[in-house]
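Visitor: I'd like a quick walk through this one. Can you take me through the sheets, the helices and the odd spots?

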Amino acid sequence: MTTRVIQWSSGNVGKAIIRGIAGRPELELVGLYVYSEEKSGTDAGEIAGITPLGIAATDSIGDILAIDADIVIYTPLPSLVYGDDSDADVATICRLLASGKNVITTVGYMYPKVYGADLVARFEDACNAGNSSFHSTGLNPGWLGDVVPLTMSSLSSRVDQVYVREITNFEFYPSPEVMFGMMGFGETDAEFAQTIQRYEYWLTNLFRENIQMIADGLGVKLEAITDSRELAYAEAELHPAAGTVREGTIAGQHWEWAGISNSKKVIVHETVWRMHRSVAPDWPDGDHSVTIEGKPRMHINFDPVWIDDGLLATGMHALNAVPYVLAAGAGIKTLLDLPWIMGRMDNS
C-alpha cells in the first residue's frame, strides 16, 4: 500500500521532505500547500529542485482539504510567533484532522497538555471527528532534548537529574526568517521588547513541553517549571549566513528552563545561541551534551559539527514518523506514545 502524503509549506524543511517523499517508493506526494501566489501552480518537484513530480502547488486550503490523502506533514514557520493570527496553526491543524487526514507537524504542540485542557480538547475533538492522529516533533525539542535522555535513562537504576545543554553557533544558518523574523537576532532592546512577548511565550512553552514530557516519562512530579534568559550584543557588525547583525544589536541568547521537584532542578534544558563564534565568550562553550546524574552517571558530548544539516534532520524526523503515526490510532500521539522512530537504509 502506498501512503499518500501532502506537504504543507515549501521552505527549507518542506523542500527536504518533498525530496524525501520522492525517494521512497512506499510514499506518494499528492499535494503541496504554498503561501505565495508566485509558487501556486508550480510543480512540487521544481520547487524542491528535483525532477517534476506532476503535482502542482496550491495556495488554496480548500484544494488541500479536498485531496484524498493519508497524512499531512505541516512545517510552516509557527504562526504563534511569525504570523498575524497566533491561533492559525492550531485552527488549520484541527481542520486537517477533522477532514480525516493524520497530521505530523514541526510548529510545536509536542506535548499539548502543557497548554491546558482546552487545547487538548480541541486536538482530541478534531481527531475524533476525522478518526485521525496528531503528532508533533522536531530536532530540539523532538530528539536531542527528549528522545536522547529518555533513551539513556533505560540504563539507569536511579535518575537524579537530567541536564541538556544546547550550544549553537548560527553563523552558517541561512534562514533570515528564523534568525531575524522569529528569534529577534539583530534587534535593539526596544525592538526586541516589541516582539519578545509572542516569541518568549512560544519558546518557553516549547521547552516546558519538553521538560514535562521527560518528567512524565521518568515518573517524576514537578512543582514548577522555571525559565530565565540573558542577552548579548554584537561588539562589531557581524555577517552570518542569514544577513547582517548591526553593532550593538542582539547577537546572543542564553536561556534556561528547569523542572523543579523537591525544590531542586531535576530536569534542566540550557540553550546558548550565538550569531557568531565571537559573541559572549564568557558564556558556556563547547559541544551539545546530555548528562544524567544518578546511578550510573552518564554523559554524552556531541561533536561541534554533530549534524551538518539541521533543517534536513528536522524534516526527516517528521517524515520517518509517518508509518508509526498511521499505525497509532486516533488521537494525540506524543513521543511517549510511539515506538522508537527509525530511518530507512538505501538498499539500491
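Guide: We'll start with the sheet, move to the helices, and finish with single residues. Keep in mind that this is a predicted model.

Visitor: Good. What is the strand order in the open sheet of six strands?

Guide: The order is β2-β1-β3-β4-β5-β12, and the pairing is parallel. The edge strands are β2 and β12 (331–332), each pairing on one side only.

Visitor: How many bridges join β1 to β2?

Guide: Six, with β1 spanning residues 3–8. One of the pairs puts isoleucine 6 opposite glycine 31 of β2.

Visitor: Which strands does α1 touch on that sheet?

Guide: α1 packs on β1, β2 and β3. Its direction makes about 150° with that of β2.

Visitor: And which α1 residues are buried?

Guide: Val13, Gly14, Ala16, Ile17, Ile18, Gly20 and Ile21. Their cover includes β1, β2, α2 (44–48), β3 and α10.

Visitor: You mention α10. How many of its residues are buried?

Guide: Nine of 11, so helix α10 (residues 310–320) is largely enclosed by the rest of the structure. The buried set is Leu311, Ala313, Thr314, Gly315, Met316, His317, Ala318, Leu319 and Asn320.

Visitor: What do they pack against?

Guide: Two helices and three strands: α1 (12–22) and α11 (322–326), plus β2 (27–33), β3 (71–74) and β4 (102–105).

Visitor: What happens at the start of α10?

Guide: Aspartate 309 sits there, with a side-chain oxygen within 3.3 Å of the backbone nitrogen of leucine 311.

Visitor: Switching helices. At what angle do α5 and α6 cross?

Guide: Roughly 25°, with the axes coming within 7 Å. That makes α5 roughly parallel to α6, as the angle is under 35 degrees. Helix α5 covers residues 88–98 and helix α6 covers 117–130.

Visitor: Which residues meet there?

Guide: From α5, Val90, Ala91, Ile93, Cys94, Leu97 and Ala98. From α6, Leu119, Arg122, Phe123, Ala126, Cys127, Ala129 and Gly130. By class, the contact has 11 nonpolar residues, one polar and one charged.

Visitor: Back to strands. Which way does β6 run against β10, parallel or antiparallel?

Guide: Antiparallel, with seven bridges between β6 (residues 158–169) and β10 (residues 289–295). Valine 159 faces glycine 294 in that pairing.

Visitor: And how many bridges does β6 make with β9?

Guide: Eight, in the parallel sense, with β9 spanning residues 264–274. Asparagine 169 stands opposite arginine 274 of β9.

Visitor: Now β10. Is serine 289 buried or exposed?

Guide: Serine 289 counts as buried, at 9% relative accessibility. The residue belongs to β10. Leaving out residues up to four places away in sequence, serine 289 touches Tyr163, Val164, Arg165, His299, Ile300, Asn301 and Phe302.

Visitor: What about glutamine 253, buried or exposed?

Guide: Buried, at 0% relative accessibility. Glutamine 253 is in strand β8 (residues 250–261). Its side chain makes a polar contact of 3.0 Å with the side chain of tryptophan 255. Farther along the sequence than four places, glutamine 253 touches residues including Phe185, Phe192, Tyr199, Glu230 and Trp283.

Visitor: Odd backbone next. Where is the cis bond that involves proline 141?

Guide: Between asparagine 140 and proline 141, with omega about -5°. Proline 141 is in the loop between β5 (133–136) and α7 (147–152). Another cis bond joins lysine 295 and proline 296, with omega about -10°. Proline 296 lies in the loop between β10 and β11 (298–301). For context, most peptide bonds are trans.

Visitor: What is the phi of asparagine 262?

Guide: About 55°, a positive value although asparagine 262 is not a glycine. Asparagine 262 is in the loop between β8 and β9, and is exposed, with a relative accessible area of 63%. Alanine 280 also has a positive phi, about 45°. Its loop runs between β9 and β10, and alanine 280 counts as buried at 10% relative accessibility.

Visitor: Last one. Where is methionine 345?

Guide: In the segment after β12. Methionine 345 counts as exposed, at 72% relative accessibility. Methionine 345 and lysine 15 are 330 residues apart in sequence and 20 Å apart in space, C-alpha to C-alpha.

Terms used:
Residues are numbered from 1 along each chain as its sequence is written. This is a predicted model: local features need pLDDT of at least 70, side-chain atom pairs count only at pLDDT 80 or more; totals for chains, interfaces and linings use all residues. Side-chain values use heavy atoms; hydrogens and water are left out. Axes are lines fitted to C-alpha atoms, for helices over the stretch in contact, and angles run from 0 to 180 degrees between N-to-C directions. Helices (H or I, at least four residues) and strands (E, at least two) are DSSP runs, numbered from the N terminus. Angles under 35 degrees count as roughly parallel, over 145 as roughly antiparallel, 65 to 115 as roughly perpendicular and the rest as oblique. Contact means heavy atoms within 4.5 Å. Ala, Val, Leu, Ile, Met, Phe, Trp, Tyr, Cys and Pro count as nonpolar, Asp, Glu, Lys and Arg as charged, and the others, Gly among them, as polar. Buried means under 20% relative accessible area, exposed over 50%, partly exposed in between (1.4 Å probe, protein chains only). A polar contact is a pair of N or O atoms within 3.5 Å; within protein, one must be able to donate a hydrogen and the other to accept it, and residues adjacent in sequence count only if both atoms are side-chain atoms. Two strands pair if DSSP finds at least two bridges between them.
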